[in-house]
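Student: I have a protein model open and I'm not sure how to read it. Could you walk me through it?

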Amino acid sequence: AMLEEIEARFPGTVKNGVMDRREGGRRVFSDPQALRDLDEITHRRVKAEMARRIAETGKSRVVLDVPILFDSGIDRLCDLTVGVLLPREVSLARIMRRDSIDESRARARLDSQPGDDYYAARCDVLLHNTGDQSAFEAQARAFWEKYCK
């Protein structure tokens with residue numbers, strides 16, 4: 001299954017039946033081929049699981065939070081795609097805080113991801129989070145009123 005494939009490609013990253021995300025991130029975010037290999041192992045399975053869960057809800061609307069939306073093909077499950085863009089320094093600080101990693105490792109992660117132009121060309125709607133919480137909440141409310149009610 002998936003964890004066995006990950007462990008075969010990235011020995012030492014699966015421990016006690018769980019992927020060590022820190023170790024996996026260390027290996028793939030500085031090596032584009034390693035990241036492509038991990039994506040190949042995971043994307044099809046993630047897409048299939050999300051499709052299953054969406055169908056299982058029986059709901060007419062479902063919100064998905066998917067960092068790899070377009071690369072994984074999960075966007076094809078969506079009627080509307082929304083991108084949230086942040087200034088690079090805000091993203092950098094959040095990654096460092098969330099994952100307890102240093103700036104160079106956080107920059108390597110950011111550098112492995114597409115830039116804002118990529119999302120601007122693919123998303124149906126863009127929200128801009130400059131770090132001002134109340135301004136972002138106003139954008140999110142306006143989005144909700146327009147598309148989700």
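Here is a short talk about the overall layout, two helix pairs and the cysteines.

Tutor: One thing to keep in mind: this is a predicted model.

Student: Okay. How many helices and strands are there in the protein?

Tutor: You'll find eight helices and four strands. Reading from the N terminus, the order is α-β-β-α-α-α-β-α-α-α-β-α.

Student: And what does the C-alpha trace span along its principal axes?

Tutor: About 50 × 40 × 25 Å. The protein has 149 residues, and 29% of them are buried. Now take the contacts with a separation of 6 or more: 54% of those link residues 24 or more positions apart.

Student: Let's try a helix pair. At what angle do the axes of H1 and H3 cross?

Tutor: Helix H1 covers residues 2–9 and helix H3 covers residues 32–57; their axes cross at roughly 170° and come within 10 Å. An angle over 145 degrees counts as roughly antiparallel, so H1 is roughly antiparallel to H3.

Student: Which residues make that contact?

Tutor: On the H1 side they are Met2, Glu5, Ile6 and Arg9. H3 brings in several, including Gln33, Asp37, Leu38 and Arg45. Sort the residues of this contact by type and you get five nonpolar, two polar and five charged.

Student: What about H5 and H6: at what angle do they pack?

Tutor: H5 (residues 88–99) and H6 (residues 103–111) pack at about 120°, and their axes are 9 Å apart. That angle makes H5 oblique to H6. The crossing of H5 past H6 is right-handed. Among the residues in contact are Arg88, Leu92 and Ile95 of H5, along with Ala106, Arg109 and Leu110 of H6. Their contact divides into five nonpolar, one polar and eight charged residues.

Student: Now the cysteines. How many disulfides does a search of the whole structure find?

Tutor: First the idea: a disulfide is a covalent bond between the sulfur atoms of two cysteines. Here the search finds zero.

Student: Why does cysteine 78 have no bond to its closest cysteine sulfur?

Tutor: Look at the distance. The closest cysteine sulfur belongs to cysteine 123, and at 10.0 Å from the sulfur of cysteine 78 it is too far for a bond. A disulfide would need the two sulfur atoms within 2.5 Å. Cysteine 148 has a similar story: its closest cysteine sulfur is in cysteine 78, 12 Å away, also too far for a bond.

Student: Is each one buried or partly exposed?

Tutor: Cysteine 78 is partly exposed, with a relative accessible area of 24%. Cysteine 148, at 16% relative accessibility, counts as buried.

Terms used: Residues are numbered from 1 along each chain as its sequence is written. This is a predicted model: local features need pLDDT of at least 70, side-chain atom pairs count only at pLDDT 80 or more; totals for chains, interfaces and linings use all residues. Side-chain values use heavy atoms; hydrogens and water are left out. Axes are lines fitted to C-alpha atoms, for helices over the stretch in contact, and angles run from 0 to 180 degrees between N-to-C directions. Helices (H or I, at least four residues) and strands (E, at least two) are DSSP runs, numbered from the N terminus. Angles under 35 degrees count as roughly parallel, over 145 as roughly antiparallel, 65 to 115 as roughly perpendicular and the rest as oblique. Contact means heavy atoms within 4.5 Å. Ala, Val, Leu, Ile, Met, Phe, Trp, Tyr, Cys and Pro count as nonpolar, Asp, Glu, Lys and Arg as charged, and the others, Gly among them, as polar. Buried means under 20% relative accessible area, exposed over 50%, partly exposed in between (1.4 Å probe, protein chains only). A crossing is left-handed if the near helix is turned anticlockwise from the far one by less than a right angle, and right-handed if clockwise.
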